[in-house]
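Let's take a friendly walk through a protein model together. Have a look at the picture below, and then we will go through it step by step.

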Amino acid sequence: PGADDYGLIDVNHCPAATLAGLPGMTLALARRTVRERGPAGGFSSVEDLGLLLDLPPGTVDQMRDTAVFVPG
């Protein structure tokens, strides 16, 4: 609370509805991301997310400027 997010979305901690706001992310893909991030221990980068979820390179590129990956 009280912090500016500057339009960035933390893929490792936000709910699926928020993830769906990422460019190239559908609600179905957001739900899958939430399901997979726990067993994976979170994601370290957009490339890691793309590899684990087998995303097309174009989708990964669209997320690059707004997705962040805060550990833990």
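What percentage of the 72 residues in the protein chain do buried residues make up? The share is 35%. Keep in mind as you read on that this is a predicted model.

Start with the overall plan. The protein chain holds 4 helices and 2 strands. If you trace the elements from the N terminus on, you meet them in the order β-α-α-α-α-β. The radius of gyration of the protein chain is 11 Å, close to the 11 Å that the globule rule gives for 72 residues, so the chain is as compact as a globular protein of that length. Picture a box drawn along the principal axes: the C-alpha atoms fill roughly 35 × 25 × 20 Å.

How does the chain meet itself? Take the contacts in the protein chain with a separation of 6 or more: 48% of them come from residues 24 or more positions apart. You can also follow one pair by eye, G7 and V68. In sequence, 61 residues separate G7 from V68, while in space their C-alpha atoms are 10 Å apart. G7 sits in the segment before β1, which covers residues 9-10. With a relative accessible area of 42%, G7 is partly exposed.

Now turn to a pair of helices. Two packed helices are described by the angle between their axes and the distance between the axes. Here the pair is helix α2 (residues 27-40) and helix α3 (residues 46-53), which pack at an angle of about 100°. Their axes are 11 Å apart. Angles of 65 to 115 degrees count as roughly perpendicular, and α2 and α3 are therefore roughly perpendicular to each other. Which residues in α2 and α3 meet? From α2 come L29, R32, T33, E36 and A40, and from α3 come L49, L52 and L53. Sorted by character, the residues of this contact are 5 nonpolar, 1 polar and 2 charged.

Next, look for charges. Side chains of opposite charge can pair when their charged atoms come close. How many salt bridges does the count come to? The count comes to 2. One of them joins R64 with E47, where the closest N and O atoms are 2.3 Å apart. R64 lies in the loop between α4 (57-63) and β2 (67-68), and E47 lies in helix α3, so this pair ties together parts that are 17 residues apart in sequence. R64 also meets D61 in a salt bridge, with 2.8 Å from N to O. Put together, E47, D61 and R64 are linked in a network of salt bridges.

Are these residues buried or exposed? Partly exposed is the term to use for R64, at 38% relative accessibility. E47 is also partly exposed, with a relative accessible area of 40%. D61, at 47% relative accessibility, counts as partly exposed too.

Our last stop is D54. You will find D54 in the loop between α3 and α4. Its phi is near 55°, a positive value in a residue other than glycine. Is D54 buried or exposed? D54 is exposed, because its relative accessible area is 68% and the cut-off for exposed is over 50%.

Definitions and conventions
Residues are numbered from 1 along each chain as its sequence is written. This is a predicted model: local features need pLDDT of at least 70, side-chain atom pairs count only at pLDDT 80 or more; totals for chains, interfaces and linings use all residues. Side-chain values use heavy atoms; hydrogens and water are left out. Axes are lines fitted to C-alpha atoms, for helices over the stretch in contact, and angles run from 0 to 180 degrees between N-to-C directions. Angles under 35 degrees count as roughly parallel, over 145 as roughly antiparallel, 65 to 115 as roughly perpendicular and the rest as oblique. Contact means heavy atoms within 4.5 Å. Ala, Val, Leu, Ile, Met, Phe, Trp, Tyr, Cys and Pro count as nonpolar, Asp, Glu, Lys and Arg as charged, and the others, Gly among them, as polar. A salt bridge is a side-chain nitrogen of Lys or Arg within 4 Å of a carboxyl oxygen of Asp or Glu. Buried means under 20% relative accessible area, exposed over 50%, partly exposed in between (1.4 Å probe, protein chains only). The radius of gyration is taken over C-alpha atoms; the globule rule is 2.2 Å times the number of residues to the power 0.38.
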